[in-house]
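Reader: I would like to learn how the words used for a protein model are justified. Can we take them one at a time?

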Amino acid sequence: MKFSRVSFLGPAATILLSVPSVGVAQAGQADEPDAKAFGGDIVVTAQRREQRLQDVPISVSALSADTAAARGVDGTATLQAAVPNLIVARQGNNAQPFLRGIGSSLGDVVAEGSVAIYLDGAYQPTPIANFFTFNNIERIEVLKGPQGTLFGRNATGGVIQIVTRDPSQRLAVEMSASDANYDTVRADAYVAGGLTDNLTASLAVDYSKQRDGWGKNLTTGSDTFRFEDFGIRGKLKWDNGVTAIRLSGDYNRSEGPGISGQSPKGAVSLDGLGYPGRFNTYGEFEDGSLLKSGGVTLDIQTELQGVGIHTISAYRKLRNNWAFDQDLSPTPYVQATLRPESDMYSQEIQLHSLPGSSFDWLFGAYFYDYDAGQRPLNLEGLLIGPSGLNVYGSAHTRSQALFGQTTFPVLESTNLTLGLRYTFETVDYYGYASLTTPDVVVDPASGGKARQKSTYDKPTWRIVLDHKFAPDVMGYVSYNRGVKSGNFTISNAPSAVLPYAPEELDAYEIGLKTRFFGNRITLNSAIFYYDFKNIQFSKIVRGTSSVFNGPTARSIGAEMDLTAKITPSLTLYASGGYLDTEFGNFPGAPNTNRLPNGSTDGGDPDYNADGKALPFSPKFSGNAGFSYMRPFASGILELNSNLYYNDGYYTEVDNRLRIQDYILLNASIGWKAQDERYSIQLWGKNLTDEYYYSQLSAQANVGDLGSPAAPRTYGVTVGVKF
């Protein structure tokens with residue numbers, strides 16, 4: 001089911017009125033029954049303090065917990081259907097968000113994302129563990145554009161903040177169970193309550209399993225795309241009215257298909273096998289990944305002598321074992337077993353003004369220690385050699401930053417915000433390669449075992465001028481500099497490992513946030529221009545990835561989101577984003593060619609990507625839908641739906657591979673008791689059953705790889721609360 005951009009826009013008004021929706025709670029969504037107070041508005045912490053969403057001079061999309069659940073956004077994989085100009089690509093367990101065309105498709109465990117993800121204020125360093133379901137959340141905030149002033153790690157593309165619920169003194173017990181097609185089950189449980197007058201606690205557990213695969217491995221006969229996930233999270237909160245201490249911990253175990261790639265239509269594997277059909281594969285074994293991750297966060301907030309003090313201490317650990325048949329064929333040409341591991345510790349200290357101060361200010365320091373590596377990456381197969389190869393590589397990053405931001409009035413109803421951060425960073429690389437059998441160190445060009453060091457220091461800043469034209473009309477102009485850290489390509493032979501430099505983004509934005517008709521209509525919009533330098537890119541050749549810096553690129557775009565509270569029961573909403581991106585002069589850019597026989601070559605060394613579009617940057621993406629809630633004597637009826645359209649986008653620098661345009665329809669109908677104790681919901685996702693790839697990549701001399709996104713799924717969820 002394919003539609004052009006014109007065919008989508010034409011019936012937009014009809015869609016709003018006729019499609020039951022899983023829609024988006026975009027920037028400025030107001031009057032939600034589950035929204036935190038300030039006159040019913042959602043409250044966010046986009047500037048590290050609580051503010052009404054409409055008062056934040058940043059382009060932000062926000063979803064409250066109930067809104068996300070009702071509209072089918074249950075994890076990072078589905079978040080893009082609720083946020084314009086957001087693409088969440090998938091590479092195995094790697095979540096690779098792209099905001100406004102800015103993101104990272106680097107596969108190394110040490111390669112951090114251009115869009116940073118934070119959980120309760122703590123940075124999640126590796127993209128490998130960032131594909132997870134949302135459970136026990138308060139809200140989700142998506143901040144667009146560079147966030148290099150107030151957030152712990154620099155980010156060029158933006159920030160995704162996930163805020164979990166605080167336990168309260170009142171005893172709460174919530175349980176739900178789901179049954180869906182593909183023999184999929186899910187169970188969630190949450191319990192919270194007071195332990196003493198000042199101490200509360202909560203525990204959340206989530207389990208899901210899909211027993212039937214979406215397709216078949218035509219070589220082995222086994223099912224493809226099955227998974228089993230388990231997660232547990234606990235939180236303790238002590239609060240005496242002046243000091244609040246939150247101690248939280250989580251553990252997650254995920255077992256799934258890894259990439260489970262197939263040759264897309266028109267391409268062939270090294271065996272000459274082409275497209276195997278929807279969700280089918282030809283590999284000699286089924287790709288598999290076992291991921292274990294967890295962490296602890298200590299958050300302390302207090303006041304001393306009229307100054308607020310906030311500290312966030314965090315530790316995270318990850319262990320992953322991932323088997324990958326890279327050649328996509330029954331013959332063992334290239335088999336990779338990846339064993340990424342990482343340990344992170346971070347410490348943030350903030351001093352800030354208190355509510356009611358004549359102007360807002362915040363100063364702080366951030367310390368970050370990240371040790372990650374492949375221990376080892378094992379390569380075997382006919383193209384590797386009879387002995388096999390182990391590549392050991394690790395990078396130890398130590399970073400310190402000082403930062404500050406202040407907002408003060410310059411005229412009546414006009415504020416100026418100035419922010420500055422200075423970051424000092426050192427990365428130590430260590431690696432070597434050895435034969436699998438016998439265990440002999442090779443790669444003599446590196447002298448056997450290699451060590452390298454890279455250091456840099458960079459400033460980032462933020463300048464914003466905002467003005468209230470009326471109580472419910474605010475405009476702003478901003479200029480931001482963002483930086484994403486550099487590192488080493490640890491999965492390559494030591495003699496080929498070179499440092500890649502930090503990338504930089506200068507962002508210019510004009511935004512308008514408005515509410516009218518008694519706050520029943522919210523219309524927010526923004527236009528922006530990005531100037532991108534030293535862009536980090538990778539090229540995959542026979543199981544290994546090389547990362548290097550490109551020159552320049554620019555991105556021009558616009559966003560709009562509309563929320564209309566038609567009646568107390570009916571809310572309509574629509575949002576859309578437009579992007580126009582282009583590389584500057586880019587000689588030697590990564591590229592491959594599909595040969596007449598359907599396989600790939602190593603590319604043209606003299607290729608120039610000048611004028612090509614940035615990967616993962618659709619010209620247009622947007623959604624439209626509604627939420628309807630009607631009380632009856634027997635309970636409350638809820639209808640929700642969301643129609644998401646994506647114009648399609650390229651996935652590689654050379655613009656050879658393209659994910660075509662697609663439409664996703666999510667919908668649900670539910671009932672709950674008047675006291676909300678019991679509930680039942682029938683739901684469906686991707687009801688149009690679109691077949692599209694969540695990852696489409698070129699592998700030099702091996703073949704193109706496509707990893708499909710989820711098909712049509714549907715099920716029933718029952719819940720109970722005490």
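**From values to words**

Author: In the protein chain, residues 24 or more positions apart account for 68% of the contacts with a separation of 6 or more. Keep in mind that this is a predicted model.

Reader: What is the protein chain built from?

Author: The protein chain has three helices and 44 strands. Its C-alpha atoms fill a box of roughly 70 × 55 × 55 Å along the principal axes.

Reader: How do you know that the radius of gyration agrees with a compact globule?

Author: Set the two values side by side. A compact globule with 722 residues would have a radius of gyration near 27 Å. The protein chain has 25 Å, so the value agrees. Also, 58% of the 722 residues count as buried. The accessible surface comes to about 27000 Å², and 59% of that belongs to carbon and sulfur atoms.

Reader: Why is Thr-156 called buried?

Author: Buried means under 20% relative accessible area. Thr-156 has 0%, so Thr-156 is buried. Thr-156 lies in the loop between β9 (137-144) and β10 (158-164).

Reader: What makes the link between Thr-156 and Glu-503 a polar contact?

Author: The cut-off for the N or O atoms is 3.5 Å. The side chains of Thr-156 and Glu-503 meet at 3.2 Å. That value is within the cut-off, so the distance fits a polar contact. Leaving aside neighbours within four places in sequence, Thr-156 is also in contact with other residues, including Ile-102, Gly-482 and Leu-505.

Reader: Why does Arg-186 count as buried?

Author: Compare the value with the limit again. Arg-186 has 19% relative accessibility, and buried means under 20%, so Arg-186 counts as buried. Arg-186 lies in strand β12 (residues 184-194). Its side chain makes a polar contact with the side chain of Asp-206 at 2.9 Å. Beyond its neighbours within four places in sequence, the contacts of Arg-186 include Asp-74, Phe-134 and Tyr-207.

Reader: How many aromatic pairs are there, and what does the rule ask for?

Author: Ring centres must lie within 6.5 Å. By this rule the count comes to 29 aromatic pairs. One of them joins Tyr-644 and Tyr-662, at 6.2 Å centre to centre with 55° between the planes.

Reader: Why is the pair of Tyr-644 and Tyr-662 called tilted?

Author: Stacked needs under 30 degrees, and edge-to-face needs over 60. The angle here is 55°, so the pair is tilted. Tyr-644 sits in strand β37 (residues 635-646) and Tyr-662 in strand β40 (residues 662-672), 18 residues apart. Both Tyr-644 and Tyr-662 are buried.

Reader: What makes the pair of Tyr-662 and Tyr-692 stacked?

Author: The planes of Tyr-662 and Tyr-692 are 10° apart, and the centres 4.0 Å. That angle is under 30 degrees, so the pair counts as stacked. Tyr-662 lies in strand β40 and Tyr-692 in the loop between β41 (678-685) and β42 (693-697), so the pair ties together parts that are 30 residues apart in sequence. Tyr-692 is buried, as is Tyr-662.

Reader: Which residues do ring pairs link into a cluster?

Author: The cluster holds Tyr-118, Tyr-123, Phe-151, Tyr-366, Tyr-368 and Tyr-370.

Reader: How do you know that the distance fits for Arg-100 over the face of Phe-528?

Author: The distance limit is 6 Å from the ring centre. Arg-100 lies over the face of Phe-528 at 4.0 Å, so the distance fits. Lys-685 lies over the face of Trp-683 at 5.6 Å from the ring centre, so that distance fits too.

How values were computed. Residues numbered from 1 in each chain as written. Predicted model: local features only at pLDDT ≥ 70, side-chain atom pairs only at ≥ 80, totals over all residues. Heavy atoms only, no water. Helix = DSSP H or I, 4+ residues; strand = E, 2+ residues; numbered from the N terminus. Buried < 20%, exposed > 50% of the residue type's maximum accessible area, 1.4 Å probe, protein only. Polar contact = N/O pair within 3.5 Å; in protein donor to acceptor, adjacent residues only side chain to side chain. Contact = heavy atoms within 4.5 Å. Phe/Tyr/Trp six-rings, centres within 6.5 Å; stacked < 30°, edge-to-face > 60°. Lys NZ or Arg CZ within 6 Å of the ring centre and 35° of its normal. Rg over C-alpha atoms; globule rule 2.2 N^0.38 Å. Areas by Shrake-Rupley, 256 points an atom, 1.4 Å probe, with all protein chains shown as cover.
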